[in-house]
Amino acid sequence: MKINATPGSIRTVLEYHARTKHHLDRYARSLGYLDWSTQPDPFRRYKHAPLIALSASEPDARPPLFDDLYVGNGIVPRTVSADTIAQLFYDSLAISAWKAIPGNRWPLRCNPSSGNLHPTEAYLLCDAMAGFGEGPGLYHYRALEHALELRGSWGQTDWQKIVSGAPGNTFFIGLSSIHWREAWKYGERAYRYCQQDVGHAVAALTFAALTLGWSVHSVTNISDDLLASLLGIQAQRGPDAEHPDCLLAVVPQFQGMLNARVTLEFLSGLDAETWTKNLLQHRPNDLSQRHQNWPVIDRVAAACRIVDDSKPRAIIEVRHASSTPADLPKRKVLARKILRQRRSAVAMDGHTAIGCHELVRMLYRVLPGSLPLGALPGDPAIHLLLFIHRVDGLQPGLYLLVRATAAEADFRKCMHSDFLWEVVETNPVSLPLFRLA
């Protein structure tokens, strides 16, 4: 299994990256205005699909605390049920608030999104349970109603082919992107924002799962074609179509494990053609009556497809570790309260400082294996240049956090020769943090 890494596809991706950068003298290509007559519907629906309402339990004063989520092994796993799966979606991808001005009203969701456009769609693959269908099924999550749409159901034999090799009670969430929702506003940059937003969704699901004592892990070695078949989106075409992004395994028993690999058998045991025959053939709604075409988005999406070249078995990648230094005190902030509230930087006063220990806490959590980034496969490819102001104990300036040790030498070679490269002493843990200027 590999990304479509031919020389031509790599060149396409690099050209897209360069083409869609903003520059000092111009923005990347877009319409330059919002065509409200073509604004896409922010909610996907499957017409006439059976709808299953989910319970919506509001946060209360019960633990865990938000800082408990980063420790690992500290939260007793809840039983997988219709109610706990409902809480997982309610705390991660559901509507969290409504905003309004005279004559207009729009929703906000728990998972952040570029421009509040929400290109990401979510699908649930789970075993039979009370409150859902009679057998194992595939469901589409409808955020507007906080409900599931039944897309297909299967017998236990097919379900066992999917979960063979996984711990008990494992279920899956698949994520896809509708590029048009972002392209409507951002033009050619839309593919960038779709990738960013699916990352937001993975993080939101990871945090919400942790409140239930569960953990979220990427399923790797799965082709885009097979993932599209599993999610029932393989027949979608045109600007409103969904593109498969990733498959996540939600597992109650994996907390605290690091660098484990669990083999799934369904790539060799499940026939995609037979699987799709069991889908309920409900048509997805049209999002817009007209569309602006951005061919470069289709080209880069095709270049980034994961193709099936050898039919290996899928792997659940377990990369989670504790994300809180033991010497940092827990803050008395409830986890579900944080996950359900809107989080925006709207009141920068220009003088309030934070302590160095709070910066250390934040930076420690973006190191390899930490939550929620441990839900993503692969080694770190992004490092942080930090413009630090008003942090007690640190001089204002330009800093670099090197998230992979091997990258330091390359940075030293390619960066400005006048940079200081002073190692920053941080307590209570040492970070790969350098003051450059």
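User: Leaving aside its neighbours within four places in sequence, what is Phe171 in contact with?
Analyst: In this predicted model, and with neighbours within four places in sequence set aside, Phe171 is in contact with Val80, Ile85, Leu88, Leu124, Leu125, Cys126, Trp214, Leu248, Ala249 and Val250.

User: Does it count as buried or exposed, this Phe171?
Analyst: Phe171 counts as buried, because its relative accessibility is 2% and the cut-off for buried is under 20%.

User: Which strand is Phe171 found in, and how many residues of S8 are buried?
Analyst: Phe171 is found in strand S8, residues 171-177. Seven of the seven residues of S8 are buried, so the strand is largely enclosed by the rest of the structure.

User: Which residues of S8 are on each side?
Analyst: Phe171, Ile173, Leu175 and Ser177 are on one side, while Phe172, Gly174 and Ser176 are on the other, and with all of them buried both faces of S8 are covered. In a regular strand the side chains alternate between the two faces of the sheet.

User: What joins S8 to S5, and what about S10?
Analyst: S5 and S8 run antiparallel and are joined by six bridges, with Leu125 standing opposite Phe172 of S8. S8 also pairs with strand S10, residues 243-251, in the antiparallel sense over seven bridges, and there the bridge partner of Gly174 is Leu247 of S10.

User: How far apart are Phe171 and Trp184 in space?
Analyst: From C-alpha to C-alpha, Phe171 and Trp184 are 34 Å apart in space, although they are 13 residues apart in sequence.

User: Changing topic to internal space: how many cavities of 30 Å³ or more are there?
Analyst: The count comes to two cavities of 30 Å³ or more, and about 120 Å³ of space lies in the largest cavity. Of the 15 residues that line the largest cavity, the closest to its centre are Arg109, Thr120, Glu121, Tyr141 and Ala143.

User: Which elements give two or more residues to that lining, and how do the residues divide?
Analyst: Strand S5, residues 120-126, and strand S6, residues 137-142, are the elements that give two or more residues to the lining of the largest cavity. The residues of that lining divide into seven nonpolar, four polar and four charged.

User: And the second largest pocket, what volume does it have?
Analyst: The second largest pocket has a volume of about 490 Å³. Of its 18 lining residues, Gln39, Trp106, Gly115, Asn116 and Leu117 are the closest to its centre. Strand S4 (104-109) and helix H4 (179-186) are the elements that give two or more residues to this lining, and S4 gives the most, with five residues. By residue class, the lining of the second largest pocket divides into nine nonpolar, five polar and four charged.

User: Now helix H3, which of its residues are buried?
Analyst: The buried residues of H3, which covers residues 156-163, are Asp158, Trp159, Ile162 and Val163. Seen down the axis of H3, these buried residues fall within an arc of 130°, so they line one face of the helix. H3 is followed by Gly165, whose phi is positive, near 95°.

User: Last one, what order do the strands have in the open sheet of four?
Analyst: The order is S15-S17-S19-S18, with antiparallel pairing. Strand S15 (384-388) and strand S18 (422-423) stand at the edges with a single partner strand each, so one side of each is left without a neighbour in the sheet. S15 is joined by five bridges to S17, residues 397-401, and the two run antiparallel, with Leu384 opposite Leu401 in S17.

Conventions. Residues are numbered from 1 along each chain as its sequence is written. This is a predicted model: local features need pLDDT of at least 70, side-chain atom pairs count only at pLDDT 80 or more; totals for chains, interfaces and linings use all residues. Side-chain values use heavy atoms; hydrogens and water are left out. Two strands pair if DSSP finds at least two bridges between them. On a 1 Å grid over the protein atoms alone, a cavity is a set of points where a 1.4 Å probe fits but cannot get out, and a pocket is an open set with protein on both sides within 12 Å along at least five of seven lines; lining residues have an atom within 4 Å of a point. Grid points are joined across faces, edges and corners, and a volume is the space filled by probe spheres set on the points. Ala, Val, Leu, Ile, Met, Phe, Trp, Tyr, Cys and Pro count as nonpolar, Asp, Glu, Lys and Arg as charged, and the others, Gly among them, as polar. Buried means under 20% relative accessible area, exposed over 50%, partly exposed in between (1.4 Å probe, protein chains only). The arc is that of the directions from the helix axis to the C-beta atoms. Contact means heavy atoms within 4.5 Å.
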